[in-house]
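The following exercises concern the backbone and the covalent cross-linking of a protein chain. Each task is followed by a worked solution.

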Amino acid sequence: QVQLVESGGGLVQAGGSLRLSCAASGGSFRINAMGWYRQAPGKQRELVAVITSGGSTNYADSVKGRFTISRDNAKNTVYLQMNSLTPEDTAVYYCNAKATTLPTFRYLEVWGQGTLVTVSS
């Protein structure tokens, strides 16, 4: 079955940068969209950024101009480049993939295990 493996989280100072990556693997599938969500302490999970297989992107207002999502379709991998980080960006970041299995065309939505990003002031 499909699984997502995330990497790149850690501790960074305010104003710094970090890049997260997420690779989808297992089985035969077509990726329709991949994205990043985050959940800060005491808050609900929120969408950070999403990118379709065609390259269309959407961002949360709070990260526009600072974060960039990109993907390598051949590797089924999505990246999140995070710049100008602030303590408010501290959260567990989750990778998400929306996919269709091949050749049965069943819809899948898969979540990664989450990676912690901590931004110190």
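**Exercise 1.** In which loop does serine 84 lie? Determine also its phi and its exposure.

*Solution.* The model is a predicted one. Serine 84 is found in the loop between S8 and S9. Next, consider the backbone: phi of serine 84 is near 50°, a positive value although the residue is not glycine. For comparison, most residues other than glycine have a negative phi. Finally, serine 84 has 42% relative accessibility and therefore counts as partly exposed.

**Exercise 2.** Locate asparagine 76 and describe its backbone and exposure.

*Solution.* Asparagine 76 belongs to the loop between strand S7 (67-72) and strand S8 (77-82). Its phi is positive, about 50°, and it is not a glycine. With a relative accessibility of 22%, asparagine 76 is partly exposed.

**Exercise 3.** Identify the disulfide and explain which parts of the chain it connects.

*Solution.* The count is one disulfide. It joins cysteine 22 to cysteine 95, with an S to S distance of 2.1 Å, which satisfies the cut-off of 2.5 Å. The link of cysteine 22 and cysteine 95 is left-handed, with -85° about the S-S bond. Because cysteine 22 lies in strand S3 (residues 18-25) and cysteine 95 in strand S9 (residues 91-101), the pair ties together parts 73 residues apart in sequence. As to exposure, cysteine 22 is buried at 0% relative accessibility, and cysteine 95 is buried with a relative accessible area of 0%.

**Exercise 4.** Assign the peptide bond from leucine 102 to proline 103 as cis or trans.

*Solution.* Omega is near 5° for the bond from leucine 102 to proline 103, and the bond is cis. Proline 103 is in the loop between S9 and strand S10 (107-111).

Notes: Residues are numbered from 1 along each chain as its sequence is written. This is a predicted model: local features need pLDDT of at least 70, side-chain atom pairs count only at pLDDT 80 or more; totals for chains, interfaces and linings use all residues. Side-chain values use heavy atoms; hydrogens and water are left out. Helices (H or I, at least four residues) and strands (E, at least two) are DSSP runs, numbered from the N terminus. Buried means under 20% relative accessible area, exposed over 50%, partly exposed in between (1.4 Å probe, protein chains only).
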